[in-house]
Amino acid sequence: MRRYGKHTDEDDIRSRPNRKGNRPRTHIRPKHEDAAEGMVLTVDRGRLTCLVEDRVVLAMKARELGRKAAVVGDRVALVGDLSGTKDTLARIVRIEERTSVLRRTADDDDPYERVVVANADQLAIVTALADPEPRPRLIDRCLVAAYDGGLTPLLVMTKSDLAPPDKLLELYGDLDIPYVVTSREELENGDAADRVREHLDGKVTAFVGHSGVGKTTLVNALVAQERRRTTGHVNAVTGRGRHTTTSALALPLTGDGGWVVDTPGVRSFGLAHIDPSRVINAFPDLVPGTEGCPRACSHDEPDCALDAWVAEGHADPARLYSLRRLLSTREAREGD
């Protein structure tokens, strides 16, 4: 090993560069004022497919964004190669402010919040009237997430040839939620798509539903090109459908400028991210009955005024049961 005395020649000393000390640092980030505007269509393993003007561009998130993630529906600013040609990659340098956000968790015990779609105008909740049986509590949870995220709900009922919609319509009739009832034959011949499309003109609509309810079949009928080709079947024993959509995807509607976002089928819709005090907002038919509630009422306690309100016939008891089922689930999670 070479040793040096006290009086060494500077030219004779070999020094290693200090990576931390030699790199110039600044907190000033480029503004990217010349960045192009785009919309995120889908996300797959860190690569984001975006629409920039009339071109489909593959992009990745810039390091300067840190942990901030872009999701389907996000309006973003991109730089780099925006030609959209094969083997090119742009960078997303900015995510614009969102007007709405649909969030969910895997269940009520899961602290990890998943953003399903951003900037959607409405949430189409697709449910079958039979095969599989409708799940009102899942519908209620979707309504809670829609109201909390700033989306207008739309109820789409499929397979009316197997069961009538009367019971479900009676349950949600007082909520003033727009709805469409379709049959399997109407899904096949396009009549269902025509009636659903009347509610989608010029809007961004996220579709969510239990597996096997016909959500992807409906989306296929709505878009210009059939992007989601596979459809699942319903297990005769469990009554559950097979997941055929594995990632959210935004697709343009034919002719009216609107968008549909097809999302993976859900078997649960966790609300761990939502404050329990806001859950009542998903039940506007019950809100007037809370005026007589004591301060900080949880709406699931003996002094709650909703019991008398419902007993007087102002609302359906099933709605109060559904509200309290959600609240009790949330409270159990908070107490663990």
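The expected span of a helix is taken as 1.5 Å times one less than its number of residues. In this predicted model, that rule can be applied to helix H2, which covers residues 136-149: at 1.5 Å a residue, its 14 residues should span 20 Å, and the C-alpha atoms at its ends are indeed 20 Å apart, so the expected and computed values agree. Helix H2 is also mostly covered, with 10 of its 14 residues buried; among them are Leu138, Ile139, Leu143 and Val144, together with Asp140 and Arg141. Just after the helix, glycine 150 adopts a positive phi of about 90°.

The strands on either side of this helix are paired with each other. Strand E8, formed by residues 122-128, runs parallel to strand E9, and seven bridges join the two; within this pairing, threonine 127 of E8 stands opposite methionine 157 in E9. The chain passes from E8 through H2 to E9, and the resulting β-α-β crossover is right-handed.

Strand E9 has a second partner in strand E10, which comprises residues 179-181, and the pairing of E9 with E10 is likewise parallel, extending over three bridges. Methionine 157, which stands opposite threonine 127, also stands opposite valine 181 in E10. A right-handed β-α-β unit is made by E9, helix H3 (residues 166-172) and E10. As for the surroundings of E9, which spans residues 152-158, six of its seven residues are buried, and the strand is therefore largely enclosed by the rest of the structure.

Glutamate 186 is located in helix H4, which consists of residues 184-189. Because its relative accessibility is 21%, glutamate 186 counts as partly exposed, the limit for a buried residue being under 20%. When neighbours within four places in sequence are left aside, glutamate 186 is in contact with Val181, Asp191, Ala192 and Arg195; of these, valine 181 is the residue of E10 that stands opposite methionine 157. Between the C-alpha atoms of glutamate 186 and threonine 158, which are 28 residues apart along the chain, the separation is 9.3 Å.

A further residue considered here is lysine 215, which belongs to helix H6 (residues 215-222). With a relative accessibility of 5%, lysine 215 counts as buried, and its side chain makes a polar contact of 2.8 Å with the side chain of aspartate 262.

Key. Residues numbered from 1 in each chain as written. Predicted model: local features only at pLDDT ≥ 70, side-chain atom pairs only at ≥ 80, totals over all residues. Heavy atoms only, no water. Buried < 20%, exposed > 50% of the residue type's maximum accessible area, 1.4 Å probe, protein only. Helix = DSSP H or I, 4+ residues; strand = E, 2+ residues; numbered from the N terminus. Pairing = 2+ DSSP bridges. Right-handed = clockwise from strand over helix to strand, strands pointing away. Polar contact = N/O pair within 3.5 Å; in protein donor to acceptor, adjacent residues only side chain to side chain. Contact = heavy atoms within 4.5 Å.
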